[in-house]
Amino acid sequence: MESIILQLLNGLDKGSAYALIALGLTLIFGTLGVVNFAHGALFMMGAFIAVTLNMLLGISFEVEDPTRTDFLGNVMMVDTPYVVHWFGESFGNFLIDWSVPISVVVAIPVMALIGVAMERGLIRFFYKRPHADQILVTFGLAIVLQEIIKAFYGANPIPTPAPDAFVGSFDVGRILGFDAFAIMYPYWRLVYFFFAAVIIGLVFAFLQFTTFGMVVRAGMADRETVGLLGIDIDKRFVTMFAIAAIVAGLAGVMYTPILSPNYHMGMDFLVLSFVVVVVGGMGSLPGAVAAGFLLGILQSFASMTWIIELIPGINQVVIYLVAIVILLTRPRGLMGRKGVMEE
Amino acid sequence: MFGLNAKDARLYIIVLALLLFAPFLLNPFPEGSGLAQFNAGYPDMMQRLVIFGLFAVGFNILFGLTGYLSFGHAAFLGVGSYAGVWMFKLLTMNVIPALIISTLVAGLFSLLIGYISLRRSGIYFSILTLAFAQMCYSLAYSVLTPITGGETGLQLSLDDPRILGVQQTAQGNIPVPNLFGLPMNAATTLDVGAWSFTFSVGYYFAAFVFACAFYFTIRLFRSPFGLMLRAVKSNQSRMSYTGLNARPYTLAAFVISGMFAGLAGGLLVSMDPLAGAERMLWTASGEVVLMTILGGVGTLIGPILGAGVITYLEAIVSTINSTVLHNWFEALPDGLENFLVNIIYPFVGSGWHLTLGLVFVIVVCFLPGGIVEGGKRIGGLFTRKNKSSDSVKADSAAQPGPGE
């Protein structure tokens, strides 16, 4: 029982990441009809915004520390970050410590800008082109983005720690009435899950309760009729693309303490997120979220030792297997509408 | 000639001549000159050119004719190269059985994957093939390590059985792949003045295989079967209204192109008997898509041109480093020199993939028809200016691809 709950929890954080990326993919696909292979790159860029901010806050210079001397009796030089110098000891260190959550604030405008630039600069020329062309151009864009990041940050993963307050694990077992220390779950992963839930809730609320969202939903259901009603759906595209970019970016920012970002993390997550979208159903937002969590949890269950011993390698391929079975038996996905993307 | 019409025969003879004289044509710069690094006439490079040409030609049979965009074709190349190395390990170092087995094994794999993937079309097909390829890749890296060698790759060793051949040479080395005793890495060098041309057995063998496969491709493009495949691309539902089931045709195309990929993989290990899982990575699949697009989808010559350009650029661009760049711009003032070097540097050397991605985006945006279409457009410009004399030239430049 303990191990089942533990695997369930382990699946949640990965599932949250899948769900967030798949949500953005579905938003872009549902509104714009574009298959975006560069969406993983947006996730990766978000992670590197956190890395950049962490580095920027850590920039330091040397100051003399009169209280300490080296063995020759000279005053020692101590590295002091500029933020500490400017804002004082406590607030400066607080900023450095909380760099990842602060990055969320920075990432929103930056990702929106990147999203708008991508849509206006490239994607909008491909609305009328065949899906194969869209796949290819966004695939090329993904390579370009990832190589730019590699040129600036190198090929090695860059560890970016979570705030000290969230280091360590949370004893889930004791709350649920099991033995102490039976189920330990890192705080940050819990934070990530709640963060993802909030973001997903916000996106759904935005689509559900605003006029803008209503138009977007109508456009996803039947673009032609919306056009006939005199609404210029094309104008909403930029906003939707920016929102999808923000969602992917935030997913990346918050994921940095869980997985040290490297330049190809976007690609790794993208392939799986596509599978998630397909399983959930192309163009279905609840489907994408549900399938994201479902597959994340499934993957973590498949990583249990006795299952791996039973079927070696199952943890590597379980998601793909599920996707294959779903596509063959229920091609529209779990919650998809019939006939989407069949041509 | 050989069942080809005049236009195709002309194209085929041109390709044959290019293959035959490649050691001369690709070595235009004398040894020791500053431009010698742009020479591509060394065996390793020429082998890669024809092998990836073969891979792209095979991919084009599927993507160019039927319009099904497979994003997992590198898996077949990887499977083919594993099968080839296993033949070297178990049976003999002769390349013929290795090539046959690589092709067959890749064919079997593509039959299985194609049978499942082709039940869906469009974007779903791309994602399914991608999922299968990623599955093969992660399995090859993890569970199948006894078969694939995992991260180190599958290598030959001295204690392999090789029941029909020798376990080790008289000197105690691992024997090299050969064609009935003719080693693949044997080469003769011809020195003419400052130029030095290398003729290697491996290259000419690969070129021979390529020539056979290309002949097969031309025949396939012109056959009723090829016409069926084009019908699938242009309108599948109309085809089924006429009472034809498209799936056997697409499956056949998928298997043929998978076998081409397996053959290419077998040739790769025949030149260098080492197979690794990174050949199955989805960026490798993306690269063959790019080759086909860059050359011209659905044309005969396009994939060859595309594969040539990409393979050549990859080899040349990745060898350029900052020292080379500084040498180039030596004549310029220092500030300008450093400026130019800093601008260009991210795109060369290890930054080759950045260039690749940019080429990818630019080609898809501005030249969806690839080099062949570009050539036609340029040819068109000349024809308009000087109709009588240049029209013949433009016709021969524009390849006899399908009239799309």
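**View 1. Where chain A meets chain B.** Here 38 residues of chain A are in contact with 34 residues of chain B, contact being heavy atoms within 4.5 Å. This is a predicted model, where local features need pLDDT of at least 70 and side-chain atom pairs count only at pLDDT 80 or more, while totals for chains, interfaces and linings use all residues. Residues are numbered from 1 along each chain as its sequence is written, chains are lettered from A in the order in which they are written, and side-chain values use heavy atoms, leaving out hydrogens and water. About 3500 Å² is buried between the two chains, with carbon and sulfur atoms giving 81% of that; buried area is the accessible area (1.4 Å probe) that two parts lose on being put together, summed over both.

**View 2. The chain A side of the interface.** Three helices each give two or more residues to the side touching chain B: α6 (131–153), α12 (265–280) and α15 (314–329) of chain A. Helices here are DSSP runs of H or I, at least four residues long, numbered from the N terminus. The largest share, 13 residues, comes from α6(A).

**View 3. Helix α9 of chain A.** In α9 (residues 211–221), the buried residues (under 20% relative accessible area, 1.4 Å probe, protein chains only) are A:Gly213, A:Val215, A:Val216, A:Gly219 and A:Met220. Seen down the axis of α9(A), they fall within an arc of 160 degrees, so they line one face of the helix; the arc is taken from the directions from the helix axis to the C-beta atoms. Turned away from that buried side are A:Thr211 and A:Ala221, both exposed (over 50% relative accessible area).
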